[in-house]
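Got the model open in your viewer? Here is a short walk through it, one selection at a time.

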Amino acid sequence: MNPVETPSHPFTRRGFLASATAGTATFIGLCAGMKTQIGNTAETLKISAQNPSENPIIQVKPNPCVPVTQLTQGPKYHWGAYYDQLHFDPTDRLVTGLEVDFHHRSPTPEDRIQVGLIDLQDKNRWTPIGFSCAWNWQQGPMFQWVPGRERFEDAEVVWNDREGDRFFAHAYCPATGKYRELPHAMYVIAPNGEYALFPDFARLNDTRPGYGYCGVPDPNANVSAPDNAGIWKMDLRTGETKLLFTFRDVADMVPEGGYSKGAKHWFNHLLIAPDSKRFLFLHRWRGEAEKSYWKTRLMTANADGSDIYVLNPYNMTSHLVWRDPTHIIAYARRPEFGDRFYVFEDKTQNTVPVGEDIMKIDGHVSYLPHTNQEWILNDTYPDRERYQHPFLFHLPTETKLPLGEFYMAREFKGEWRCDLHPRASRDGRKVLIDSAHNGGRQIYMLDLSEYEEYLS
């Protein structure tokens, strides 16, 4: 496509960077003429209600340079779940997805969902590959591609399941059609593909509904900090499993001010560093003083569970990812600038705020692949008009690039809300989101190819 020129700025990478300080609106205006239609296939998203007179809500307000394609269709509902996992195969052709026939309630032990793959090169064909009875609305059954497998012939997808009172995981290789079983459910897989970590899913279901799995009662439900459960490590080749440290081990690292009476402890949001040598986790607790909220410490540790470090002790850390082996970006509370996104240096108290005026709102953050970590992919929770906003943020120029606005009805709330959870393809030129703007959650793909020149 030929560059589009304006009287003041040529539409080139140099022109974009030079004009960034003029604001996002100027940048979007430059590309408005580049795309007057959103896609050209039957699956392309309709951007208004069928009968505007009866339903005045505009379901989607698109960026004209970012085509939006609906990958899954009703009458059943589909979603892909969490933002910090691999959802594209090594060729960026097959995409993970989940299928269910209800919404607006919590899962029960009897609710089974279908696990499938979407073929982006075959009219978004859905191929079921299994089922799961161990899932939640926010993270599904942790359905993801195993990192470290660069050839499609070696690629495997994994997902959690439950049989009776046992959580375990499936692994499936699309190239061979072979299945294998892992003895435990997993939460996060090391980038080198050699091991996985997992917390106590039964306890997580009690303490943070929407992130654990129902069907297995927590045997330590009445124990504030168990000494026989915590975070485990599982070898993905052999299934060998080891308890790295317990709730009691971490609770004994008492924070300044201590815990309120009756504090109950749990672990959430485990993520492994890009070099697979350290991992982060959130230590959370709630006692009598924390009726409607909980307190959080961001902590890191070696892959063998040693050298635990309290990276953020200030009672609030939310969405986060590793930037590189020694740095983490996280929405957190710090005394310097309050609640906002920061980059943390591991094993130090060195922090740097990100995006002085823009990155002050919590969202599902990641770094867009193959952009030299100059571009952040993020989103927002619903605004006052119930629109969610996926966007890109250019760190060198602090420029925000909106990717559209997606409506979410008030019925999608609490545990069964439908967050966008933007997740990029491996080449960084496509973004998946889950959206319920048409009344039921489905998977959509945003095409960033119009911005190829700027993302390189």
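Start with His104: at 30% relative accessibility it counts as partly exposed, because that class runs between under 20% for buried and over 50% for exposed. Keep in mind as you click around that this is a predicted model. His104 sits in the loop between S4 and S5. Check its backbone too: His104 is not a glycine, yet its phi is positive, about 65 degrees.

**The four-stranded sheet**

Now select the strands on either side of that loop. S4 (residues 94-100) and S5 (residues 113-119) run antiparallel and are joined by six bridges. To see one of them, pick Val95 and look across to Ile118, its bridge partner in S5.

Carry on along the chain to S6. S5 and S6 are also antiparallel, paired over seven bridges. Val115 is a handy one to display here, with Gly130 as its bridge partner in S6.

Zoom in on the hairpin of S5 and S6, which has five residues between the strands. Lys123 lies in that loop. Like the histidine you began with, Lys123 is not a glycine but has a positive phi, here about 55 degrees. Is Lys123 buried or exposed? Lys123 is exposed, with a relative accessible area of 74%.

Add S3 and you have the whole sheet: an open one of four strands, in the order S3-S4-S5-S6, with antiparallel pairing. S3 (77-79) and S6 (125-132) stand at the edges with a single partner strand each, so one side of each has no neighbour in the sheet. Turn the view along the sheet and follow the twist, which averages 35 degrees from one strand to the next.

Before leaving, step back to the loop between S2 (68-70) and S3, where you will find Pro75. Which kind of peptide bond runs from Gly74 to Pro75? That bond is cis, with omega near 10 degrees.

**A smaller stop: three strands**

Select S1, S28 and S25 together. They make an open sheet in the order S1-S28-S25, with antiparallel pairing. S1 (60-61) and S25 (387-388) are the edge strands, each with a single partner, so one side of each is left without a neighbour in the sheet. S1 and S28 (residues 405-407) pair over two bridges. Lys61 has Glu405 as its bridge partner in S28.

**S13 and its neighbours**

Next, colour S13 (residues 230-235) by accessibility. Five of its six residues are buried, so S13 is largely enclosed by the rest of the structure. Bring in S12 (residues 195-198), which pairs with S13 in the antiparallel sense over four bridges. Ala196 stands opposite Met234 in S13.

Then show S14 (residues 241-246), antiparallel to S13 and joined to it by five bridges. Gly230 stands opposite Thr246 in S14. S13 and S14 form a hairpin with five residues between them, and Gly239 in the turn has a positive phi of about 80 degrees.

A little further along, select Gly262 in the loop between H4 (247-251) and S15. At 61% relative accessibility, Gly262 counts as exposed. Draw a distance from its C-alpha atom to that of Val223: the separation is 9.5 Å, for two residues 39 apart along the chain.

**The largest pocket**

Switch on a surface and look for the largest pocket, which has a volume of about 960 Å³. Which residues lie nearest its centre? Select Asp84, Leu86, Trp322, Tyr367 and Pro369, which hold that place among the 27 lining residues. The elements that give two or more residues to the lining are S11 (188-189), S15 (264-272), S19 (317-324), S23 (366-367) and S29 (423-424). S19 gives the most, with three. By residue type, the lining divides into 15 nonpolar, seven polar and five charged.

**Inside: the cores**

Finish with the interior. In soluble globular proteins, nonpolar side chains tend to be buried together. In this model, the largest nonpolar core has 72 residues. Show Phe245, Phe279, Phe281 and Ile329 as sticks: these have the most contacts inside that core. A second, separate core has 20 residues, including Trp375, Phe406, Val431 and Tyr454.

Notes: Residues are numbered from 1 along each chain as its sequence is written. This is a predicted model: local features need pLDDT of at least 70, side-chain atom pairs count only at pLDDT 80 or more; totals for chains, interfaces and linings use all residues. Side-chain values use heavy atoms; hydrogens and water are left out. Two strands pair if DSSP finds at least two bridges between them. Axes are lines fitted to C-alpha atoms, for helices over the stretch in contact, and angles run from 0 to 180 degrees between N-to-C directions. On a 1 Å grid over the protein atoms alone, a cavity is a set of points where a 1.4 Å probe fits but cannot get out, and a pocket is an open set with protein on both sides within 12 Å along at least five of seven lines; lining residues have an atom within 4 Å of a point. Grid points are joined across faces, edges and corners, and a volume is the space filled by probe spheres set on the points. Ala, Val, Leu, Ile, Met, Phe, Trp, Tyr, Cys and Pro count as nonpolar, Asp, Glu, Lys and Arg as charged, and the others, Gly among them, as polar. A nonpolar core is a set of buried Ala, Val, Leu, Ile, Met, Phe, Trp, Tyr and Cys residues joined through side-chain atoms within 4.5 Å. Buried means under 20% relative accessible area, exposed over 50%, partly exposed in between (1.4 Å probe, protein chains only).
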